[in-house]
Amino acid sequence: MTTLDSGVDSLADVTSSEDRLRRFLLGLPGVDQVGAEARAATLSTRSIKTTAKAYALDLAIRMIDLTTLEGQDTPGKVRALCAKAMRPDPADPSAPQVAAVCVYPDLVATAKHELRGSGINVASVATAFPSGRSSLAIKIQDTKDAVAAGADEVDMVIDRGAFLSGRYGLVFDEIAAIREAAGDAHLKVILETGELVTYDNVRRASWLAMLAGADFIKTSTGKVSPAATLPVTLVMLEAVRDYQESTGLHIGVKAAGGIRTAKDAIKYLVTVNETAGPDWLDPELFRFGASSLLNDLLMQRTKLATGYYPGPDYFTID
Amino acid sequence: MSRFEYAPAPESRAIVDIKSSYGLYINGQFVEATDGKPFKTISPSSEEVLADVSEAGPADVDKAVKAARKAFEKVWGPMAGRDRAKYLFRIARLIQERSRELAVLESLDNGKPIRESRDVDIPLVAAHFFYYAGWADKLEYAGAGDDPQPWGVAGQVIPWNFPMLMLAWKIAPALAAGNTVVLKPAETTPLTALAFAEICQQADLPPGVVNIVTGAGRTGQALVEHPDVNKVAFTGSTAVGRAIAKSVAGSDKAVTLELGGKAANIVFEDAPIDQTIEGIVNGIFFNQGHVCCAGSRLLVQESVYDEVLARLKRRMGTLRVGDPLDKNTDIGAINSAAQLAKIRELSQVGEDEGAERWSPECELPPQGYWFPPTVFTGVSQAHRIAREEIFGPVLSVLTFRTPQEAVEKANNTPFGLSAGIWTDKGSRILWMANQLRAGVVWANTFNRFDPTSPFGGYKESGYGREGGRHGLEAYLAH
Amino acid sequence: MRKTYKLYIGGAFPRSESGRSYVVTDAKGKFLANASQASRKDARDAVVSARKAFGGWSARTAYNRGQVLYRIAEVMEGRHEQFNAEVAASEGLSISKARAVVDASIDRWVWYAGWADKLAQVVGSSNPVAGPYFDFSLPEATGVVAVLAPQDSSLLGLTSVIAPAIVSGNTVVAVSSYDRPLPAVTLGEVMATSDVPGGVVNLLTGSASEVGPWLASHMDVNAIDLCGIEDADEARDLEAASADNLKRVRRPAEEDWTESPGLSRLTQYLELKTVWHPIGV
């Protein structure tokens, strides 16, 4: 276990060479799989009712990056998504708005136009999403195009091949380059935890991304299974907590893919609350990358408010 | 900053039907005690009286032993193993069917959080009956010879910390091996044993095979000293265990004892830190620390002392102390006023001896018996709080420099029940496990129990094992 | 030349620190020897030796311990005639019957030698817990075992109470038969001249009734075999005294030393340790 000196300066030391970076990452404490999963399972037993549930449902809605990332996406589809983002519940204007809409770079302009004045951000994937298998030049251009089109946030993917073959310097440099290309846009770094497989790797990749300049670390592209899981998110929350202890900087966490029910979302919020702490209970520091989750949150919200179970016909598809 | 306040999430009490008074369960019926004084059992979280319970006097104990003897000779002893098995399977099923009710009852009577009684205690109770049911017709493979015989009548005395689980640990193997039993639950936690008696009735268990005699020390003594009891099994304090060992001296009675502990939970600098913190917390705060195998001594490698303590304290800040029936409660009530007094006394001793005391901010309910999770730092082997079992949510923290020193400190105690090891290095795990004089060694985990896994102590933590094939051996004459 | 019969403690042959000795006669009452009469201080010293030897003896490989026990048998074989004479005289047997007893004793050492590296397989287990954990149970020696050896069976019985304790790694302090101590001393000589490390077996000649209570109440003795106590009340008192540190107690019983011993004494002085470890990536 490395005891880090306070301040960012000593961490700059760590990134001064690939060798130093590797030794730092490999020196991070390991994660026991069974123990981490058991902790996540215990957090899942929290029973969130009444006022606590109302708080959690609204917060979860406000944390959603409403997402469409399909080959068959069209401007029409994106417009429908944006409309839903701004008015999630047709019957209840008091339902909060989502945090952002997430699309491919070539649909950013459409989304930006639809969402103007709403306060909802446009997030764009970039860097040869989802595989990340392309040249750095192309990834940089991909990023610049998205930002030029108006993206407020960029969700990049790391080079998993490079990470798994131990070329941490390469992964670091790529993130740093995309950080620069993204300009003022917030950078989310997708680790693709399903491909990293071990929690030890997730911890290392989290630190690597944060050291390279991520504003958010994100679990998955949603195109690989498993995507976000509670234990993986737990490990990432531990990483941002520890990073904040070391540097004073708050980095956000986005759990994307596979979170479909309000019940699940609430488990994530409990985990955020009891791991990283209340600072992260904010769309500035925690996001859900999801699409069908929104309707389940809205249905639960309606049940809580009215007392009866609603049906899917009363909520819009996007 | 957003605050996520968990609203109350109480498990409903409506599922339990507690009678206003209970008799003794002897020979298949609930009967009135003849020469004992009834007492009350209360809910330690509210001090509310739950029920009146009978005290079994010596005449009642004698009646129960006679019933057990008769059942052993006429019914249970001659019964084929596969038929005994069927009763045990049936009991296991009934426990599963009534599991929510039993969990609520346990939390009410004992004070432990519903999450623990629901997710740990009761499932393990059913599992124990399932496991031993399967042994009943396979005794010749148990390692006690090819025609092993039961002892006869077993007298069993159990503690208040895991009332129904301790009952399962005692009754399941005893019955599987062909013995009949007379069991005395702890005086502060009789209700799940009495519910178990009802389950025996529902299972049509032949009368006299299981007898439950409620009472306190007097009743236990009468049972243990009864001349027609062949096998004594006791779980409780080392002091009482010692007294029992003395009292059976010179007799033919077989004895097994599961007594106290002061386990070392050893953390090395390369431990998987976040899971280790969970293991430390689980080790001493699970079940309010009312656990014989609790990791009550944290031995942390000096090089990582600051980091471990900082993380531990931060984690302790998220522990929720409160109503045992609230599903979000992590730490419930202390079982009794007497136990609370003991914990307070030893904690005061800790302070007086110069250790530093710390607890997170905790709002404790006004009624009931409560103690906040507490950690003492600056503790050394010479301190009483490093040697004596506190049996509460109180952790003593000591340091070490090398694996050898950790082993020496860990073993430097008359107890020897359990130990914990936290390190990422495989060979060190096995070396430490080899060196630690403890009956249960948890490496990179803690407080794990299973019906197949033998549990018991070295030295003054007792002798004999419960669970697994070895747990069965204790109930077979050999 | 007459032989002096001394105690065997820590691999050496001291006389009793009390300076006492007592007369040993043969079964017909004829003088055989003066044997050292062990005192409580001798018992105390023996326990110290046994405790000192325990760490090393229990840490040896099972294979190694088995080899050591086998060598005891080999060396005994070499002294067969001496043992025959001593057993015959002590127990009042004909030479041929005595020879059979010595044969059986040697065979018994061989039998126990073979158990050293098998106990873990027979007593231990891998436990199929309902979760992702590797869970195994292993037998371990309990520590220092006090043995009050049988009064009648001076070699076969003596062997049968010592061998099962040490094969698994325990160390022993034994008090021999009072009237028939000579084979025990010779057994001590066998041990000193084979590969048995000093302190693994300590043999005290003298009275189990005198020394027994000191061993039973000794807080650094982990287990006690009351075999040699013939009085029920005495046995009860020793068992009660043993309870102070929760010694593992073996009560006296009718024994037929010629029968195959089974596992009972082997497992008597074993602790069982169960280890858990998560299975994960």
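Phe391(B) counts as buried, since 24 C-beta neighbours sit inside 10 Å and 20 are enough for that label. The model in which this residue appears is a predicted one. Phe391(B) also has an unusual backbone: its phi is positive, at about 60 degrees, although the residue is not a glycine. As for its place in the chain, Phe391(B) belongs to the loop that runs between helix 12 (384–387) and strand 16 (394–400) of chain B.

Chain A has a residue with a similar story. Glu192(A) is not a glycine either, yet it carries a positive phi of about 55 degrees. Its loop lies between strand 5 (186–190) and helix 10 (193–196) of chain A. With 24 other C-beta atoms within 10 Å, Glu192(A) is buried. So a charged residue ends up on the buried side of the cut-off, because 20 or more such neighbours are what it takes.

Stepping back to chain B as a whole, 15 helices and 20 strands make up its secondary structure. The chain has 478 residues, and for that length a compact globule would have a radius of gyration near 23 Å; the value for chain B is 22 Å, which agrees. Along the principal axes, the C-alpha atoms fill a box of roughly 65 × 50 × 35 Å. Burial fits into the same overview, with 62% of the 478 residues of chain B counting as buried. Then there is the question of how far along the sequence the contacts reach. Among contacts in chain B with a separation of 6 or more, 72% are between residues 24 or more positions apart.

Back in chain A, the loop between strand 3 (121–125) and helix 7 (136–148) holds Ala128(A), and Pro130(A) is found in that loop too. The peptide bond leading from Phe129(A) into Pro130(A) is cis, with omega near -5 degrees. Ala128(A) itself counts as partly exposed, because it has 17 C-beta neighbours inside 10 Å, and that number falls between the cut-offs of 12 for exposed and 20 for buried. Once neighbours within four places in sequence are left aside, Ala128(A) is in contact with Arg133(A), Ser134(A), Ile138(A), Lys139(A) and Asp142(A). Arg116(A), by contrast, is 12 residues from Ala128(A) in sequence but 27 Å from it in space, taken from C-alpha to C-alpha.

A cis bond also turns up further along chain A, where it joins Ser225(A) and Pro226(A) with an omega of about 0 degrees. Here the proline is in the loop between strand 6 (216–218) and helix 12 (230–247) of chain A.

Next come the helix pairs. Two packed helices are described by the angle between their axes and the distance between the axes. In chain A, the axes of helix 2 (residues 18–27) and helix 9 (residues 168–181) come within 9 Å and cross at roughly 100 degrees. These two helices of chain A, helix 2 and helix 9, are therefore roughly perpendicular to each other. Helix 2 brings Glu18(A), Leu21(A), Arg22(A) and Leu25(A) to the contact, where they meet Tyr168(A), Gly169(A) and Phe172(A) of helix 9. Sorted by class, the residues of this contact are 4 nonpolar, 1 polar and 2 charged.

In chain C, helix 3 (residues 80–91) and helix 4 (residues 95–113) have axes that come within 8 Å and cross at roughly 115 degrees. The crossing of this pair in chain C is right-handed. From helix 3 of chain C, the contact draws on His80(C), Phe83(C), Asn84(C), Val87(C) and Ala88(C), while helix 4 of chain C supplies Ile95(C), Ala98(C), Arg99(C), Val101(C) and Val102(C). By class, the residues split into 7 nonpolar, 2 polar and 1 charged.

Finally, the chains touch one another. Between chain B and chain C, 35 residues of chain B are in contact with 27 residues of chain C. Several elements of chain B each give at least two residues to its side: helix 8 (238–247), helix 14 (426–435), strand 18 (440–443), strand 19 (462–463) and helix 15 (468–473). That side of chain B divides into 16 nonpolar, 11 polar and 8 charged residues. Chain A meets chain C as well, through 6 residues from chain A and 4 residues from chain C. On the chain A side of that contact, 2 residues are nonpolar, 3 are polar and 1 is charged.

Definitions and conventions
Residues are numbered from 1 along each chain as its sequence is written. Chains are lettered from A and ligands numbered from 1 in the order in which they are written. This is a predicted model: local features need pLDDT of at least 70, side-chain atom pairs count only at pLDDT 80 or more; totals for chains, interfaces and linings use all residues. Helices (H or I, at least four residues) and strands (E, at least two) are DSSP runs, numbered from the N terminus. The radius of gyration is taken over C-alpha atoms; the globule rule is 2.2 Å times the number of residues to the power 0.38. Two residues are in contact if their C-beta atoms, placed from the backbone, lie within 7 Å. Axes are lines fitted to C-alpha atoms, for helices over the stretch in contact, and angles run from 0 to 180 degrees between N-to-C directions. Angles under 35 degrees count as roughly parallel, over 145 as roughly antiparallel, 65 to 115 as roughly perpendicular and the rest as oblique. A crossing is left-handed if the near helix is turned anticlockwise from the far one by less than a right angle, and right-handed if clockwise.
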